[in-house]
Each structure stands twice: as structure tokens, then as C-alpha cells.
Amino acid sequence: LFTFNFLMPFTHLSDLLGKSVRKKGLSSQVEAAMILELFQQKAKELFDASLLPSMRPLYVKDRVLTIAVLSPVLAQEIKLHEPAIIEYINAKAGGKAVEHIRFLS
């Protein structure tokens, strides 16, 4: 008769996933996707719904969020709200995730 005594400590799934994501080098990609989503959330709060299809967050590189816009006027409007957008993203993402917003038109 065999008996097994498993006294292994439990590890939270979130800890395992975090380690797995970091090990695969995906954590920066996951963080970038989160930042793009945070921009969209703040944009919905700040801008009229008719303007949202005219702006699209593209990527984050070196703490610079790049946004595609259809007009320079829209880029200027976003630029006016840049401090509030960056503050919102950094508060939600933790730390200095974004320092600057760049535009492509």
C-alpha cells in the first residue's frame, strides 16, 4: 500500500502567470496593450464620441505613446489634454508608464 503526502505550498495563479509572462518577454507587450486601452478609456471621457474614430493609439516605445490622428486640429486638441491623459495612464498603470504623447497624421 502506497501513500503520498503532498505538502507542497500553493502558488497563486497570478504569480505563476506573471513569472511566465516575464520569462517569455511578453510583459512589456502586455503593458503596452494596457496603456493603449487606458488611452481609449480617457479619450472617451474627454472627447465627443464623434471624434473617437479619428484617433487611434498605435504603440508605446521608450515611454512615448504614439497616436494616429486624422487632422492636425485633433492632434492639437489631444495635446491640450496631454497632462491629464498622462496622469490618468500613469495612475492606472503604476509608475511612469508614459512621459510624452507623439502624433502621426
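"Buried" here means under 20% relative accessible area, "exposed" means over 50%, and "partly exposed" is whatever falls in between (1.4 Å probe, protein chains only). By that yardstick, 27% of the chain's 105 residues count as buried. This is a predicted model, so local features need pLDDT of at least 70 and side-chain atom pairs count only at pLDDT 80 or more, while totals for chains, interfaces and linings use all residues. Residues are numbered from 1 along each chain as its sequence is written, and side-chain values use heavy atoms, with hydrogens and water left out.

**View 1. The whole chain has four helices and three strands.** Helices (H or I, at least four residues) and strands (E, at least two) are DSSP runs, numbered from the N terminus. Follow the sequence and you get the pattern α-α-β-β-α-α-β. A contact means heavy atoms within 4.5 Å. Among contacts in the chain with a separation of 6 or more, 53% come from residues 24 or more positions apart.

**View 2. Three strands make an open sheet in the order S1-S2-S3, with mixed pairing.** S1 and S3 are the edge strands, each pairing on one side only. From one strand to the next, the twist averages 30 degrees. Two strands count as paired if DSSP finds at least two bridges between them. S1 and S2 run antiparallel and are joined by six bridges. Look for Lys-61, whose bridge partner in S2 is Val-64.

**View 3. Helices H2 and H4 meet the sheet.** H2 lies across S1 and S2, at about 145 degrees to S1. H4 packs on the sheet too, touching S2 and S3, and its direction makes about 120 degrees with that of S3. For these angles, axes are lines fitted to C-alpha atoms (for helices, over the stretch in contact), and the angles run from 0 to 180 degrees between N-to-C directions.

**View 4. Helix H4 covers residues 82–93.** The expected span of a helix is 1.5 Å times one less than its number of residues. With twelve residues, H4 should span 16 Å, and its end C-alpha atoms are indeed 16 Å apart. Which residues of H4 are buried? They are Glu-82, Ile-85, Ile-86, Tyr-88, Ile-89 and Asn-90. The buried residues of H4 pack against helix H2 (27–46), strand S2 (64–69), helix H3 (72–80) and strand S3 (100–104). Just after H4 comes Gly-94, with a positive phi of about 85 degrees.

**View 5. Lys-42 and Glu-45 form a salt bridge.** A salt bridge is a side-chain nitrogen of Lys or Arg within 4 Å of a carboxyl oxygen of Asp or Glu, and by this rule the count comes to three. In this pair the closest N and O atoms are 2.7 Å apart. Lys-42 and Glu-45 are three residues apart in helix H2, so about one helical turn separates them. Lys-42 counts as buried at 10% relative accessibility, while Glu-45 counts as exposed at 54%.

**View 6. Glu-82 pairs with Lys-79 in a salt bridge.** Their closest N and O atoms are 2.7 Å apart. Glu-82 is buried, at 9% relative accessibility, but Lys-79 is partly exposed, with a relative accessible area of 31%.

**View 7. Arg-63 and Glu-99 form a salt bridge between two loops.** The closest N and O atoms here are 3.8 Å apart. Arg-63 sits in the loop between strand S1 (55–61) and S2, and Glu-99 in the loop between H4 and S3, so the pair ties together parts that are 36 residues apart in sequence. Arg-63 is partly exposed at 43% relative accessible area, and Glu-99 is partly exposed at 46%.
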